[in-house]
Each structure stands twice: as C-alpha cells, then as structure tokens.
Amino acid sequence: MTKTIKWLLIIVGGLAALLVAAMILVALFVDPNDYKDRIARTVQEATGMELTIEGDLSLRVFPWLGVDTGAVRLGNPPGFGDEPFVSLNSSSVSLQVLPLLSGSIKAGQIDVQGLTVNLLRRKDGAANWEAIGGNKPEQQESAQGAADGSGGKLDLSIGGLSVNDANIVFNDLQANKRFSLDGLNLTLGEVSPGEPFDMEAALGLASSEPQVKAVVRVKAVAALDLDKQIYELRDLDATVSAEGDVVPGGKTDVTAKAVSVLADMGKQLVTTEGLTVTAYGVDVAADVAASELKTGPKAKGSLTVKPFDVKKLLTALGQTPPETTDPTALTNVSLALDFDYGPAAATARNVVLNLDGQEITAEASMIAGNVPSYGFKVQAASLDLDPYRAPKKDEQAQPAETQSADPASANQPLLPESVQEQLRKLRLDGQIKIGRLKASPAEITNLLVLITARDGLLKIEPASFTFYEGDLKSAISMDVRGTVPNYGFNADLNGLAIGPLLEALQGKESLSGKTNAEAALTVRGNTVDELKQTLNGNLRFDIHDGVFPGVDLAGVMTKAYKSLQAKADGEIQTQEDARTQFGLVQGSATIVNGLVDNRDLLFKSPFLQADGAGEVSLPENSINYLVVGAILASTEGQGRGDKADYVGIGIPIRIKGNFDNLHFWPDPVKWAEMIAKGALNIVGDGANGVLSAPGALLDAVTGGSKSESGGTDQPAEKKTTPLEDIGGAVKGLF
C-alpha cells in the first residue's frame, strides 16, 4: 500500500513538472499576438461582430496563467451602426495554475479600464445583444445542470476586482427611451467562498423617460456563498443624489445605512438589521424580515420615523406647507409601529403618532379577498386641534364677496356612481375614542365613534360625546345598496348649556339656557333638491331658565300693542342693554316630504308668553308662521305657569317670506279677528277689564311710559318702528 501511494505521488509530481515545463516553453516560444487575427476571425464567424484588438497581448504562465490586453473593440452586428458594441482601454486577467489540478479556480486581481457597452434596440424590436445570446443545445443543458445543482461544486475565488470608468448605455428606439450607467468605479477585495470581502462602488444613472439623473455610492463588507445562495452586506453605507422632473421637490439626497442586509435565496428569506434611511430631512429606522419571496411575499417588522418638521418636509417636496394658528404646529412629529404583511392580510400594530407632544395610538388591519375588509382603532387621551387651524383672515383687507347660489348646483349628484360602487364593496369596522378633544369653538369629552360598513350600508352608531355640559348621542346611516341613496339621522341631546356654545360660535352674548332636543329624520336622494323634497321625521326641543339678550320682548309686545291700537307707525325708543329672561322655550315638529309643521311653539317669561304655529317649506325655501304673544300681569314661576293662571293681551306677529327675505309685522287682520272673538284676553275672566283699560295694564307691567311733565315720552333720535323691533327680536329668537 505504501509503495502504491509513493508511485502515485511520483506520477502526480511528474505531471505537474511536465505542465510547468510546458507552460514555460509556451511563454518562451509562443507569442499571443500571432493569434490576434485567428481570434478575431473566430469571433466574427460565431457572432457576425468584428473584434479588433488594438493593443498588444501579454501572456503570463506561472505561477499565474494570465493575459493583459490593450485597447479592445467589438463592433455591432450588421444593421446596428458603426458604434462599437463593447470597447475597453485595457484589461488584466489571471488564474493560478496549480489549483486547476484540483478542480478549483483561483483568479488573481482582475482589472478593467474604460469599459463601454452600448445596448441598442431598433424600432423593429431587434437588439444587438441577441447575436451573442444563442447557446447551443449542449450549452443550455450544461447551464441548466449548473442551475439545478446537478453539476459539480464550483470553487471560485478572486484576488480582487477593479473596474474603472465603465459605461453602459441602453438606447431603446422602439420605446423612444434612453438609459445609461456612467462612470462606474467598482472595487472588490479578495473574494473567497463564504469569506467576507470589502466592496465599494460609485456610478451615475440617467434616464430620458422619465427624466432623472442620479449619483449612487455604496460601501459595504460583502459575503457570498454561491453554493448555498446566501448573500450578505454588512456595515452598509449608501447614498443616492437624484434630480429630475419626477423627483419630488426636483432634487433629493437619500442615505441608507444598515448593520446587515442578508438574502438567503435558498430559504427565500431577506432580513435587515439596523436599517436606517434618511430623505428630505426625515430619518426612518426599520427592521424587516421578508419571506416566501417567490410563492407569496410576506414581511414583518418594525418602523420608526424619528421626530421631523412636516412643514420643512412639504417645502422640500415642492409643496406649500399649511399656515397654522400656532407657527410651531407640525414641527415635531414622529411615528412608530409594528407591521405584518402578506398576500392575504396586513396589519399595523402598536401605532404611536406623536403630534407636537400629543400622543395618538392606533391599530389597523386589512384582509384581502374579492371584497377586502378593513379595520382600525384610534385612541387619544387628549387632542387639541386649535394649533393646526388656519389663521383668521383680515376681513377688512379681504371683504367677503356676495355670491348668488347656482341653481344648477342643486341638481348635481352628491355621490357619483363610482363612489357608490366603492361603498358597496366596502367592509369596514372602525372606532375613534378620545378623552378630550378641543376644536374651537367646541371642547368635547368622552368622544366615542363606531363606524361599520357592509355591502353599501354605512353606519356611524353611536357617535356620542359631552360638550358644554350636555350629552349627545346620535346614530347616522347611509344606505347605497339601492339605486337611490338613503340617509338616516337620530339624535338625543340632554342638558346642553346653549349660551356658552352660541357665544363661542358668534363671538357675542346670545340665547342661553339648558337645552334638550330629540330628532329622528330620514331622507333619500342624490341631489340637494331631492333631499329637500324627501326629508321626513320628527324633532323636539326645549330650553329652560335662560336669557334672550338684545331685546325686551315684553316691551316690544307693549309697543306693538300700542301701535296696533293707535293704527300708527310712530317710532319708539329702544334700550341698548335690553334682555329677556325666560323660563321655557319648547316646541316640536313633524316633517313630511320637506314640509316642517310646528303647532306647539311655547315661550314663557315674566310678563310675556308666546305661542307659535306654522310651516316651513324646504323645497320652496319659504316660511309662513304666526306668533301670538301675551302681555301677562304676573311673574310667578319665571313664566312657567299655565295660561289659566294669568290675564294677558294677545299680540299677533306674522313671519312670512323666503329664507333670504323674511318679513315680520304685527298682523292687523289677526288682531281684528281676535278682537271680534273676544280673544285679546287669551284666557281667564278678566277680558272686560283688560279690554277696557289695556293701556293701564301695560303701563303697570312696563313701569309706565309718562315723562316728568306728565305727557308721553317723545321719540329719541335713535328709534325703530314696531315692525323693525319685533322683526329683529323674533328673527333673532327663532
């Protein structure tokens, strides 16, 4: 056995010696330049492309088998012009000899200088690279065997790679587009199977359609395992500087860094560790794991957007940032979330949005299918929206323009058919929950909104919150399952302090009192006119123990009575600090096809009680209403008593016209009718006394109207007519 091994070693050593001797003889007696014509002819016969070796060839044989070239030029196939297909200024390639005996390939340093590749597709679709793309059947079988792993293991290593000033151009005449890779400089350290190596690259990219130019720089430590199909980049540091029409903002610099980016193609898995991307002044950190890349990409991981300035971001993107009441609003925004993505479903969990110190948490999900399903939850302990409102414009500098309504707009579809079709396919479950929400003039607490959508039926139920001491609970629905949209609205309001609300809305003191209201309404249609004509339902309201500022209603009724009695339009003096306290304002209405019918309006206050009845036509934008006010002789109960408890004088006031031009006046016809029926005394047994001395009663109620001289007061300079005074009072109240 020992002798056999000894002889084998002698034979191998002898063969190696013969090989070395043969290579030395080749180097001594063979000049590779003698074969340039033969090489060119062989390439011409195989591809139809002319090869020109302009510089000398230099051959090295031991311990490295290598070739150095000068300038080389490979022409285009016939019909593709005179520009070379491939050209280079110089190259150097070498292989170590002895590892070849063991089936390994160990290349030395590979240097390529001034490589240029011109790829061309003609208008007829033919491409110049097709001349070298046709493998023979046996070559295809060999390539397939290597791809499926049936061939032997390839042990390949490279001493290093240096590519300087390489350029690749793709000119697609068929699509009228041009792409180029310019000035590529690529440097690789020593490459061995499974061993890390340094890499550094810089290149320019350009495209004609879309018009983009970019410079890319990459530096990393790479590791390749070709047998296991594992590729890794460590300590990645990459930058991209791009500009062009399609680049948001016209220009940007993007940097990417990562501890590791690993692609295991055998397992169809890509993972990142410590990945950060910076663009437009925004820093994004992510850890991602992507799997099943071929069968159905899936990904999961976390994403963090570090605090950034939204206004600066929009400016960098070429957009105009919004003006905000608070100049510092939107300058400190951050986001963090975990996510899962797959072909069948996607979720975002643990979402935390920090909006200038205000924290909003959320989660969202999507389930794919023929009818995708969506869900979300949004929650915040406190949220102030006032800093994000647009500043108020200077009304004097920019006066409001009077615009007339466009009649055609009333017949425009409110929901286009395309939107209705999307709603019919929408499946949604959403929840919004906010402990305190400030959006001037309202500040609400305990906000809860639940939203569901199924096959064209959208419900917001409940939508409840507390504001200005009142609790509101409502339910809203929109049904587009049929050909005509249907809407429903139900609301229940309890204990609203309406005074602070109206003052916040109007900027001045207004009607006050504790308010309750109920509404149950339905409507159908897809235009404003249709909605007006199909509104149906019921509503009710009552306001307790409040104040109506700006007018003394009892005084107004007194003046109106005197005007009616005297059949005169004499001017009367008003009081700037006038106000009316009341105990109750209440009413209800039924609505049928847009016609609002109210028969029980009731107003009670000291010295005054009013009843109202009439109709409001929404389709015709008109109102026909009668208010009958009674001057009372008692203040007991803040006007909460029944009519039977008082003796009073009825004053009829007519309200009529369209919404843009309402008219108010004491109704002499109704007055005469009331006189004829003995109804001036609304109820009770004191009709004769009241009718015989109405002026005395009125004077007692209002404190008298005589001057020191004993005569009646003369009108002051600033006066109004009873019609104007009553009209303003009633209009402001109702």
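**Figure 1. Valine 212 in strand E12.** Welcome to this predicted model. Our opening close-up shows valine 212, a residue of strand E12, which covers residues 211-225. Valine 212 counts as partly exposed because its relative accessible area of 22% lies between the 20% and 50% cut-offs.

**Figure 2. The surroundings of valine 212.** Look for alanine 242 here: 30 residues separate valine 212 from alanine 242 in sequence, while their C-alpha atoms lie 7.0 Å apart in space. With neighbours within four places in sequence set aside, the contacts of valine 212 are Leu205, Ala206, Ser207, Glu243, Gly244, Val246 and Val247.

**Figure 3. Arginine 424 in helix H5.** This view moves to helix H5, made of residues 417-424, where arginine 424 is found. The side chain of arginine 424 forms a polar contact of 2.9 Å with the side chain of glutamate 417. Not counting residues up to four places away in sequence, arginine 424 touches Glu417 as well as Asp455, Gly456, Val480, Arg481 and Gly482.

**Figure 4. Confidence along the chain.** On average the chain has a pLDDT of 79, and 73% of the residues reach at least 70. Among the elements of the chain, strand E19 (residues 333-341) has the highest mean pLDDT, at 97, and helix H10 (residues 687-692) the lowest, at 31.

**Figure 5. Two stretches to view with care.** Across residues 637-647 pLDDT stays under 50, and the model has 35 contacts beyond four places in sequence for this stretch. Residues 729-734 also stay under 50 in pLDDT, with 14 such contacts in the model. Where pLDDT is low, please do not read the predicted coordinates in detail.

Technical notes. Residues are numbered from 1 along each chain as its sequence is written. This is a predicted model: local features need pLDDT of at least 70, side-chain atom pairs count only at pLDDT 80 or more; totals for chains, interfaces and linings use all residues. Side-chain values use heavy atoms; hydrogens and water are left out. Helices (H or I, at least four residues) and strands (E, at least two) are DSSP runs, numbered from the N terminus. A polar contact is a pair of N or O atoms within 3.5 Å; within protein, one must be able to donate a hydrogen and the other to accept it, and residues adjacent in sequence count only if both atoms are side-chain atoms. Contact means heavy atoms within 4.5 Å. pLDDT is the predictor's confidence in each residue, from 0 to 100. Buried means under 20% relative accessible area, exposed over 50%, partly exposed in between (1.4 Å probe, protein chains only).
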